[in-house]
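I opened this notebook to record what I looked up, entry by entry. The topics are one serine, the nonpolar cores and the cysteines.

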Amino acid sequence: MVVVGAGMAGVQTAVALREQGFTGSVLLLGAEPHQPYDRPPLSKAYLLGTAEGSAFEVDFESLGVELRLGVEVTGLRPGDHEVDTEAGPVPYDVLVVATGAAPVALPGSEGVPGVHLLRTLDDAERLRPVLAGQHDVVVVGAGWIGAEVATTAREAGCAVTVVEAAGRPLAGALPAEAAEPMAAWYGENGVELLTHARVERIEPGRVVLADGRVLPAGAVVVGIGARPATGWLRGSGVALGPDGSIVADDHLRTSVPDVYAVGDCASFPSARYGARLLVHHWDNALQGPRTVAAAVVGGEPRPYDPVPYFWSEQFGRFVQYAGHHASADTTVRRGDPADPAWSLAWLRDGVLVALLAVGRPRDLAQGRRLIEAGTPVDPELVADPAVPLKSAVRA
């Protein structure tokens, strides 16, 4: 077994293989030189300097997993059952691709001093002293990562401006009824949010907007999205979607024999939602490896069709989301979004399909179970924040 990628998805694949009885050799290839680590703390405690690391607590030696770190994979030759690396070819019997996603750079910003992306431990190491120095920070993009970096930078005492091309935060992730209330969080926490604003260019020490405004910037953090890290697979025969994701089946097999894909780099068909999903979140990287391991060891895995889940900590709020709202026909609000805690539920044909919970973790836990079960609910009961969601099941 060769696993390419030593993030959450790759590490959990190696762990799951052993847990499910795989006795052959397992080789884990990582592009970074660091011990495999968890990424969520990078935009939070680690960036703020209140945590010194997030290495996975996995004893690879006792698991019989060989780690090769600092090894960049450059190509795949399925006919030879080999992956190419900077250190030479590596043969495999079965290959799992878990290379994750890479952040999108702002065109024209490459090589400009003071511009940062935040995906790796090294990225966080470069940004940490900037926040500690309380420099003016401009964040480009009001998505999940942008909100978290803005939160952390404010906690560090920086003056923060967030520049967003759309008219609201999270425009690409959530509909207006969910995202518009979040715009107020920025100002309440001393962050200037500029919407309908586009970056014309970035110069050392400043950001010039398309309308001529100039923003002082001791650091610029670009958070405008991520794309599957699959460029090295072009020409290999592994089918890629228009978004660059590996087109996997419902058992996470690719179009090439003996090659699987898991985590941020792979899309999969969801019978639950009638759509192909590409999920760039931690929980997907945790769950998918179990399906891969079961398929490899010859078990009878169920089709991979999870209820997507993620969380974000921003501006003193704990935000959770479960499901996939795109197919919903009804939106139900639980509570007032001006309050510290509220939820938003999406239904299709009377069945809960997605839930956003702000400061209401019980809603999320109960709602997630209802989504998984496909249980019909009463919209009027769902709308009452005093009624537990589990009590909103239609009789």
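Entry 1, a serine in a strand. I located S312 in strand β22, which spans residues 309-314. The model is a predicted one, and I read each entry below with that in mind. I then asked whether S312 is buried or exposed. The relative accessible area of S312 is 1%, so I recorded S312 as buried, the cut-off being under 20%.

Entry 2, the surroundings of the serine. I looked up what the side chain of S312 contacts and found a polar contact with the side chain of E148, at 2.8 Å. Leaving aside residues up to four places away in sequence, S312 touches W144, E148, R317, F318 and V319.

Entry 3, the nonpolar cores. Which members of the largest nonpolar core touch the most other members? I noted L174 and L356, in a core of 94 residues. Next I listed the contacts of L356, again without residues up to four places away in sequence: L174, A178, M182, V319, Q320, Y321, W342, S343, L344 and W346. Apart from the largest core lies another, of 20 residues, and I noted V4, L27, A261 and C265 among them. V319 is thus on two of my lists, as a contact of S312 and as a contact of L356.

Entry 4, the cysteines. How many disulfides does a search of the whole structure find? I recorded zero. I also checked the accessibility of two cysteines. C158 has 0% relative accessibility and therefore counts as buried. C265, which I had already noted in the core of 20 residues, is likewise buried at 0%.

Conventions. Residues numbered from 1 in each chain as written. Predicted model: local features only at pLDDT ≥ 70, side-chain atom pairs only at ≥ 80, totals over all residues. Heavy atoms only, no water. Disulfide = S-S within 2.5 Å. Buried < 20%, exposed > 50% of the residue type's maximum accessible area, 1.4 Å probe, protein only. Helix = DSSP H or I, 4+ residues; strand = E, 2+ residues; numbered from the N terminus. Polar contact = N/O pair within 3.5 Å; in protein donor to acceptor, adjacent residues only side chain to side chain. Contact = heavy atoms within 4.5 Å. Core = buried A, V, L, I, M, F, W, Y, C linked by side-chain atoms within 4.5 Å.
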